[in-house]
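Good morning, and thank you for making the time. I would like to take you through one model this morning, moving from its aromatic pairs to its helices, cores and salt bridges. Please keep the display in view as I speak.

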Amino acid sequence: MKFATIAADGQELYGIIRDDGFVALSPDFPHWPDLRAVIAAGGLRDLAHAAMGRSVTHTDFTYLPPIPNPGKIICVGVNFPDRNAEYKDGSAAPKYMSLFPRFASSFVGHGQPLIRPPENHTLDYEGEMAVVIGKGGRRIPAEDAYDHIAGLSVCNEGTIRDWVRHAKFNVTQGKNWDRSGAIGPWMVPFTHPAQIDAARITTRVNGELRQDDALANMIFSVRDEIAYISTFTTLNPGDIIVTGTPTGAGARFDPPRYLKPGDVVEVEVTGVGMLVNGVEDEA
């Protein structure tokens, strides 16, 4: 089952994606205004049941991020051993994970262009898995972390590289340019540990493989991430954790290979889907 949020005919709708189109379900559940509310109410099974036997309602639509209004988006940085080595500072694997927030306005949906701003042209890609929290909690034990996941999506955690270097202690400004990243195309329900433990991330730019690694190689696992993050902040249904990107981003080439208008970026997570976005300059 692929749960998605789309825009069509001036409306924002949620429902499911089938091979031949989109099945709108939100009109049947007016008490749940969005997928975040569905998740908070434990209603994904109700949506799946309602979709049975239903015909496609839309074939012409625009994808939005599956959870268009998450309460929190928390990203994990430098979370693969090769990524740590890319910094060439001789540091060992970190004891604690690096975290930073992203705003919902910094993401577009599948099929929508990533926007390169006029102020700086160092737009870069980072293919990642996005974990959507289903059951909230504080100080969640790592062994219980998977019980708190509603679903999985794909993320291109697009970054303006020069702007992450503007300050000594944070990267927030380089990570939050409007429409610089993407999440989607949909969210698949999380039902089995292998969906994470056996998953692989690949990123291609104009068909060229740039990133390829297994989530099992992450320095901090998804279980660790949920446990650590929930120690200092309550995780709520619909919150998103972006789990980390493998080596191979454009900034690490010599010379760097930043995104430019006309490029197409494909990020795939096995068993979840493929997120595809072009690149345009800001109008």
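Let me begin with a definition: a residue is called buried under 20% relative accessible area, exposed over 50%, and partly exposed in between. Tyr228, at 32% relative accessibility, therefore counts as partly exposed. Please bear in mind throughout that this is a predicted model.

Tyr228 has an aromatic partner, Phe232, which is also partly exposed, with a relative accessible area of 48%. How are the two rings arranged? Their centres are 6.3 Å apart and their planes stand at 75 degrees, so the pair is edge-to-face. Both residues belong to helix 6, residues 222-232, and they are four residues apart, about one turn of the helix.

That is one of eight aromatic pairs that the structure holds. Another is formed by Trp163 and Trp177, with ring centres 4.8 Å apart and planes at 85 degrees, so this pair is edge-to-face. Trp163 sits in helix 4, residues 161-164, and Trp177 in the loop between helix 4 and strand 13, so the pair ties together parts 14 residues apart in sequence. Trp163 is partly exposed at 26% relative accessibility, whereas Trp177 is buried, with 18%. There is also an aromatic cluster, made up of Phe22, Phe61, Tyr63 and Trp186.

Two arginines lie over aromatic faces. Arg223 is placed over the face of Tyr146, at 3.8 Å from the ring centre. Arg210 is placed over the face of Phe253, at 5.4 Å from the ring centre.

I turn now to helix 2, residues 44-51. Which of its residues are buried? They are Leu44, Leu47, Ala50 and Ala51. Viewed down the helix axis, these buried residues fall within an arc of 125 degrees, so they line one face of helix 2. On the other side of the helix, Arg45 and His49 are exposed. The buried residues pack against strand 1, strand 2, helix 1, strand 11 and strand 13. Just after helix 2, Gly53 adopts a positive phi of about 75 degrees.

Next, the nonpolar cores. The largest has 51 residues, and those with the most contacts inside it are Met129, Ile149, Leu152, Ile196 and Ile226. Leaving aside neighbours within four places in sequence, Ile226 is in contact with Ile133, Ile140, Ala145, Ile149, Leu235 and Ile241. Apart from this core lies another, of 27 residues, including Leu25, Phe29, Leu35 and Leu44. Leu44 will be familiar as one of the buried residues of helix 2.

Finally, the charged residues. Side chains of opposite charge can pair when their charged atoms come close. How many salt bridges does the structure hold? It holds 13.

I shall take the one between Glu157 and Arg102 as a starting point, with an N to O distance of 2.6 Å. Glu157 lies in the loop between strand 11 and strand 12, and Arg102 in the loop between strand 6 and strand 7, so the bridge ties together parts 55 residues apart in sequence. Are these partners buried or exposed? Glu157 is buried, with a relative accessible area of 1%, and Arg102 is likewise buried, at 3%. Leaving aside neighbours within four places in sequence, Glu157 is in contact with Cys75, Phe100, Arg102, Glu126, Glu128, Lys175 and Val242.

A second bridge joins Arg116 and Asp281, whose closest N and O atoms are 2.7 Å apart. Arg116 lies in strand 8 and Asp281 in strand 18, so this pair ties together parts 165 residues apart in sequence. Arg116 is buried at 12% relative accessibility, while Asp281 is partly exposed at 35%.

A third bridge is formed by the side chains of Arg257 and Glu208, at 2.8 Å, N to O. Arg257 lies in the loop between strand 16 and strand 17, and Glu208 in strand 15, so the pair ties together parts 49 residues apart in sequence. Arg257 is partly exposed, with a relative accessible area of 33%, and Glu208 is partly exposed at 33%.

Salt bridges that share partners also join Arg102, Asp124, Glu126, Glu157, Arg161 and Lys175 into one network. Thank you; I would be glad to take your comments.

Notes. Residues numbered from 1 in each chain as written. Predicted model: local features only at pLDDT ≥ 70, side-chain atom pairs only at ≥ 80, totals over all residues. Heavy atoms only, no water. Buried < 20%, exposed > 50% of the residue type's maximum accessible area, 1.4 Å probe, protein only. Helix = DSSP H or I, 4+ residues; strand = E, 2+ residues; numbered from the N terminus. Arc of directions from axis to C-beta. Contact = heavy atoms within 4.5 Å. Phe/Tyr/Trp six-rings, centres within 6.5 Å; stacked < 30°, edge-to-face > 60°. Lys NZ or Arg CZ within 6 Å of the ring centre and 35° of its normal. Core = buried A, V, L, I, M, F, W, Y, C linked by side-chain atoms within 4.5 Å. Salt bridge = Lys/Arg side-chain N within 4 Å of Asp/Glu carboxyl O.
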